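This briefing is meant to be read alongside the sequence and the coordinates. It moves from the chain as a whole to individual residues.

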Amino acid sequence: MTLRILIADDEAPARRKMARLLDAMDDVLVVGEATSGAEAVERIDSLAPDLVLLDIQMPLLDGFDVIATVGVDAMPAVVFVTAYDEYALRAFDVRALDYLLKPVVPDRLRDAIERARSQCARAPGNSKGVTAQRTADFATLIAGRHLRRLLVHDDAGAQLLPVDAIELARAERNYVALHTAAGTFRIRGTIAALAERLDPAAFLRVNRSDIVKLDTIKELQPWSHGDYRIVLRDNTALLWSRRFRAQTAGDFELS
């Protein structure tokens with residue numbers, strides 16, 4: 001099979017060297033390059049590569065942030081590439097596909113490519129080559145790494161939205177609307193998936209449709225049947241359902 005590869009590295013010489021090494025291999029196609037973590041997220045979504053050669057140390061969004069932003073269910077196979085060996089044990093602890101230290105040795109790269117090819121061949125029904133085990137591995141890898149930024153789009157193009165700017169996240173069919181002081185942005189996904197990736201010390205899921213930033217809550221009012229009415233600083237009113245309040249029992253003292 002021809003392996004479709006995305007190279008993600010913020011250093012141009014590293015990208016050029018990787019492209020040259022891959023060009024010498026059979027049944028390999030470089031479908032694109034990403035010069036930053038944010039661009040890697042976009043290219044993974046638009047190009048659907050089988051494999052990402054992912055630099056760990058990149059500004060704003062590092063390699064682990066890329067996985068968190070794309071989401072573990074949507075992430076293709078990954079080979080980490082970095083100049084630093086401090087992440088090696090962590091990568092191997094979660095059975096990462098492979099881990100390459102710079103400067104990359106051609107034989108090590110070839111081994112990593114063949115390992116990726118074998119993995120994708122074992123999952124022919126998934127165009128991105130993601131297995132259930134790989135999803136579990138990614139989830140372990142980014143455990144405790146809450147989202148810091150989200151890639152969003154507006155009329156001006158793509159931008160990285162700091163998660164701290166989100167005041168209210170609300171489900172809208174197959175999207176989530178992110179309400180901020182600067183405006184509203186929509187991302188594809190579910191409110192449940194977003195809730196799992198946000199810091200529970202800063203955000204609270206209050207019902208099936210809404211997540212609020214705790215700092216935006218102005219008032220809590222007892223309501224009916226064990227529910228609470230939440231009033232935000234802009235006077236938006238939400239219902240904190242008994243079901244979701246029970247899930248955070250012990251985190252809040254309410255009389």
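The points below treat the overall chain, its nonpolar cores, one helix, two buried residues and one sheet.

The model is a predicted one, and its protein chain comprises 8 helices and 15 strands. Of the 255 residues in the protein chain, 45% are buried.

**Overall chain**

- When contacts in the protein chain between residues at least 6 apart in sequence are considered, 54% of them join residues at least 24 apart.
- The area exposed by the protein chain is about 13100 Å², and carbon and sulfur atoms supply 49% of this area.

**Nonpolar cores**

- The largest nonpolar core holds 23 residues, and those with the most contacts inside this core are Ile 44, Val 52, Leu 54, Val 66, Met 75 and Phe 80.
- At least two residues of this core come from each of S1, H2, S3, H3 and strand S4, the last of these spanning residues 77-82.
- Another core lies apart from the largest one and has 20 residues, with Leu 21, Leu 109, Ala 116 and Cys 120 among them.
- Val 52, a residue of the largest core, is in contact with Leu 6, Ala 8, Ile 44, Met 75, Pro 76, Ala 77, Val 78 and Val 79, once its neighbours within four places in sequence are left aside.

**Helix H2 and its surroundings**

- Helix H2 covers residues 37-47, and its buried residues are Gly 37, Ala 38, Glu 39, Ala 40, Val 41 and Ile 44.
- The cover over the buried residues of H2 includes strands S1 (3-8), S2 (28-34), S3 (51-55), S6 (149-154) and S7 (157-162), together with helix H3 (63-70).
- After H2 comes Ala 48, a residue whose phi is positive, near 50°.

**Gly 37**

- Gly 37 belongs to helix H2, and this glycine counts as buried because its relative accessibility is 0%, where the cut-off for burial is under 20%.
- Outside its neighbours within four places in sequence, Gly 37 is in contact with Met 58, Leu 61 and Val 66, and Val 66 is also listed among the residues with the most contacts inside the largest nonpolar core.
- Gly 37 and Gly 63 are 26 residues apart along the chain, while their C-alpha atoms are separated by 6.7 Å.

**Arg 15**

- Arg 15 lies in helix H1, which spans residues 12-23, and this arginine counts as buried because its relative accessibility is 12%, where burial requires a value under 20%.
- The side chains of Arg 15 and Glu 33 are joined by a polar contact of 3.3 Å.
- With neighbours within four places in sequence set aside, Arg 15 is in contact with Ile 7, Asp 9, Asp 10, Glu 33, Ala 34 and Thr 35.

**The sheet S13-S14-S15**

- An open sheet is formed by 3 strands in the order S13-S14-S15, and their pairing is antiparallel.
- Strand S13 (217-222) and strand S15 (237-240) occupy the edges, and each has a single partner strand, so one side of each is left without a neighbour in the sheet.
- On average, and with direction ignored, neighbouring strands of this sheet are turned by 25° against each other.
- Strand S14, residues 228-232, runs antiparallel to S15 and is joined to S15 by 4 bridges.
- Val 231 has Ala 237 in S15 as its bridge partner.

Key:
Residues numbered from 1 in each chain as written. Predicted model: local features only at pLDDT ≥ 70, side-chain atom pairs only at ≥ 80, totals over all residues. Heavy atoms only, no water. Buried < 20%, exposed > 50% of the residue type's maximum accessible area, 1.4 Å probe, protein only. Contact = heavy atoms within 4.5 Å. Pairing = 2+ DSSP bridges. Axes fitted to C-alpha atoms, helices over the stretch in contact; angles between N-to-C directions. Polar contact = N/O pair within 3.5 Å; in protein donor to acceptor, adjacent residues only side chain to side chain. Areas by Shrake-Rupley, 256 points an atom, 1.4 Å probe, with all protein chains shown as cover. Core = buried A, V, L, I, M, F, W, Y, C linked by side-chain atoms within 4.5 Å.
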